[in-house]
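Q: Could you take a close look at one helix for me, and set it in the context of the whole model? I'd like to know what surrounds it, what comes right after it, and how the rest of the model is laid out.

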Amino acid sequence: MSHIVGTILSLAGFIALCLAMPRHQRDLLGRALSEGGVCALRLTGFCLLGLSFLQATWSLGWAYGVISWLGYMSLAAWILILLISWRTQRA
Amino acid sequence: MKAGLRQSMAWLHTWTELLLGWLLFAMFLTGTAAYFNDEITRWMQPEIEGEADPIDSAIGAAAYLREKAPNSPSWFITPTSERQVVTNVFWRPAPSDEGGGRGRSATLDGQGTEVELRDTRGGNFLYRFHFDLHYMPVIWARYLVGVAAMFMLIAILSGVVTHKKIFADFFMLRFGKGQRSWLDAHNVTAVMALPFHLMITYTGLVTLATLYMPWAIAANYADSGTYFEALFPQDAMEATGVAAPLTPLRPVLEDALSYWPDGHLGTAQVSNPGDTAARIMVFRSPGDTVGTRAERLVFDGVSGALLSTPPARGAARETESVMVGLHAGRFAGPALRWLYFLSGVGGTIMVGSGLVLWTVKRRQKLEDPDRPHFGFRLVERLNVATVAGLPAAVAGYFIANWLLPLDLEARAEWEIHCLFILWGASLVWAVGRPVKRAWVEVMAAGACLYAAVPLVNALTTSRHLLASLTKGDWVFAGFDLSMLFFAVLIGLAARRLALHRPRERTPRVRGAKPAEALS
């Protein structure tokens with residue numbers, strides 16, 4: 001269960017970071033975000049990744065937590081990348 | 001413009017990776033499969049199933065050994081566990097036994113009865129191939145693998161400098177764009193699991209550090225034997241020759257388990273069974289902690305009293321233990337194990353796409369693309385045989401396990417020969433066919449082989465996918481489903497490649513546009 005929560009938090013973090021990038025704003029939103037929006041998204045993204053880290057170390061302990069967290073981030077990034085490339089392919 | 005850091009790094013990255021890329025690909029592939037070492041072995045020995053209590057299985061094994069090897073100086077019992085349904089026993093024969101010195105081993109079921117299983121190396125072959133290779137002396141293989149790992153470390157570090165857009169293109173994977181797509185695949189698989197790749201390469205070197213850098217031992221110990229004795233003390237005593245019955249195992253093992261709350265039983269070693277100097281060493285399961293050098297309790301073999309608890313370890317040993325543990329991932333539960341596997345698959349794709357990228361980038365610059373020079377053709381063909389051929393050959397290994405006659409002489413060895421015969425065949429095919437056709441055909445053959453694995457399982461055993469799914473046998477179901485997944489994945493890649501028509505290139509005017517930098 002904690003694995004799922006950790007992965008979702010990482011995924012949410014990466015989505016925010018991804019939307020903070022101009023190229024992906026163009027592809028996914030169709031418009032550019034304001035400076036402030038980008039800043040907020042970037043902050044949210046890193047905070048969510050941090051939360052995912054805290055959640056992992058909190059529920060699995062220091063040793064397993066760190067390793068699992070890296071795993072969540074890899075998995076989440078993979079999911080996001082495949083989603084994006086699937087969307088842009090269709091578009 | 002002088003050659004800057006990035007250019008020299010690009011050179012380093014390109015050539016270190018190419019030189020040992022094929023070996024690294026094989027190491028990544030088999031190493032990734034080895035995360036499911038035990039599960040693969042279980043799948044390859046379908047004769048036995050069910051679960052058994054570890055303590056019962058150890059007691060059964062001791063009864064078997066008492067019968068079979070009463071005078072042996074030491075028994076080793078690896079009981080059943082969450083991942084393993086059989087008990088493995090190993091013993092050193094008594095000096096008086098005929099046949100002499102070589103250790104014997106047997107596979108028992110959970111009750112201590114010897115079981116007849118098909119002769120196979122199972123997942124263990126893939127695990128050992130990962131660092132021992134095959135058909136060559138182990139020591140050479142380990143040096144070769146060590147050099148490859150060293151190159152890998154260089155390639156990763158120089159790669160981060162070279163591929164300057166990895167962070168700008170963090171989420172980019174564009175299909176069907178030729179070189180751009182290969183570069184995306186290479187970057188994405190590299191960056192997504194960058195911590196994993198760094199960790200796995202570095203800790204991989206650490207696992208064999210004493211082989212690669214023996215000087216620390218040479219400076220401090222008389223020879224490597226005394227070093228390993230200091231590292232892994234035996235605590236066995238000389239047999240007194242006075243007979244005394246071995247203490248019942250159950251209380252000893254239960255004691256050990258109560259010493260490790262939430263712990264699991266690892267291997268138990270009994271030295272001088274049936275003698276007054278008997279000792280029982282109980283190891284904690286390596287699946288319990290990240291560190292792989294498991295803790296050990298020593299019990300008196302006659303009274304059953306706990307004699308010594310694990311000593312505190314020095315920082316260096318603890319570090320080494322954790323690094324090796326991180327590499328092997330034995331501590332990982334199912335979810336984390338899959339994450340390890342996924343990262344390993346990513347690493348395999350990273351190396352494979354890097355190899356392909358070498359040819360893709362150079363093809364456009366060839367003077368005569370229809371008649372490339374020898375070096376180019378060599379790389380191109382070896383790429384087909386490795387990147388498309390080796391995965392197919394591994395599927396062939398699984399199929400050989402089901403199809404080879406059970407009474408074949410040296411059966412386990414023949415399964416392995418089958419793998420290498422298929423791999424060799426893919427190389428012959430790659431050399432004999434036009435390169436694009438070769439890619440498509442070898443990959444299509446690979447997809448068929450993977451799809452055939454669950455099919456052959458269904459035809460030759462009663463443990464087919466439907467049966468294991470309804471029974472909730474996740475080892476078998478997971479294996480069959482993974483095979484189908486790889487069949488689809490490789491099949492789609494082959495189809496994509498077959499349908500791909502390269503755009504007609506208008507010859508580029510020299511100097512009109514700066515040559516695309518490696519980015």
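A: Happy to! A definition first: the domain bounds used here come from an automatic or database domain assignment. On that basis chain B is divided into domain 1 (1-41 + 127-202 + 332-365), domain 2 (54-119 + 232-326) and domain 3 (372-502). Taken over C-alpha atoms, the centres of domain 1 of chain B and domain 2 of chain B are separated by 39 Å. Please keep in mind throughout that this is a predicted model.

The helix I would pick is H4 of chain B, residues 122-132. It is one part of a chain that holds 18 helices and 7 strands. Why call H4(B) largely enclosed by the rest of the structure? Because 8 of its 11 residues are buried, where buried means under 20% relative accessible area. The buried residues begin with Gly122(B) and Gly123(B), go on with Phe125(B) and Leu126(B), and end with Phe129(B), His130(B), Phe131(B) and Asp132(B).

What do these buried residues pack against? Their partners in chain B include helix H1 (5-34), helix H2 (37-44) and helix H5 (138-162). Further along the sequence, they also pack against helix H12 (315-328), helix H14 (374-403) and helix H15 (411-432). Contacts between residues far apart in sequence are a feature of chain B in general: among its contacts between residues at least 6 apart, 67% join residues at least 24 apart.

Now for what follows the helix. H4(B) is followed by Leu133(B), whose phi is positive, near 50°. Most residues other than glycine have a negative phi. Leu133(B) is not a glycine, yet its phi is positive. This residue is found in the loop between H4 and H5 of chain B, and it counts as buried because its relative accessibility is 10%.

There is a useful counterpart at Ala410(B), which is not a glycine either and also has a positive phi of about 50°. Ala410(B) lies in the loop between H14 and H15 of chain B, and both of those helices are among the ones that the buried residues of H4(B) pack against. Ala410(B), however, is partly exposed, with a relative accessible area of 43%.

Stepping back to the whole chain, 51% of the 519 residues of chain B count as buried. Its C-alpha trace spans about 90 × 55 × 40 Å along its principal axes. The radius of gyration is 26 Å, which agrees with the value near 24 Å that a compact globule of 519 residues would have. The accessible surface of chain B comes to about 25,800 Å², and carbon and sulfur atoms account for 63% of that area. As for charge, chain B has 48 positive and 45 negative side chains, and the centres of the two sets lie 17 Å apart.

For a contrast with the enclosed helix, look at Glu238(B), in the loop between helix H10 (224-231) and helix H11 (249-259) of chain B. Glu238(B) counts as exposed because its relative accessibility is 72%. Leaving out residues up to four places away in sequence, Glu238(B) touches Asn272(B) and Ala277(B). Asn272(B) is 34 residues away along the chain, with 8.1 Å between the two C-alpha atoms.

Finally, a word on the second chain. Chain A has 3 helices and 0 strands, and buried residues make up 43% of its 91 residues. One place where the two chains meet is Ser343(B), in helix H13 (residues 334-363) of chain B. Ser343(B) is in contact with Ser74(A) as well as with Ala193(B), Phe196(B) and His197(B), its neighbours within four places in sequence left aside. At 7% relative accessibility, Ser343(B) counts as buried. Within chain A, Ser10(A) is placed in helix H1 (residues 2-19) and is buried, with a relative accessible area of 0%. Its contacts beyond four places in sequence are Leu49(A), Ser52(A), Tyr72(A), Met73(A) and Ala76(A).

Notes:
Residues numbered from 1 in each chain as written. Chains lettered and ligands numbered in written order. Predicted model: local features only at pLDDT ≥ 70, side-chain atom pairs only at ≥ 80, totals over all residues. Heavy atoms only, no water. Helix = DSSP H or I, 4+ residues; strand = E, 2+ residues; numbered from the N terminus. Rg over C-alpha atoms; globule rule 2.2 N^0.38 Å. Buried < 20%, exposed > 50% of the residue type's maximum accessible area, 1.4 Å probe, protein only. Contact = heavy atoms within 4.5 Å. Areas by Shrake-Rupley, 256 points an atom, 1.4 Å probe, with all protein chains shown as cover. Lys, Arg positive; Asp, Glu negative; His and termini not counted. Charge placed at Lys NZ, Arg CZ, Asp CG, Glu CD.
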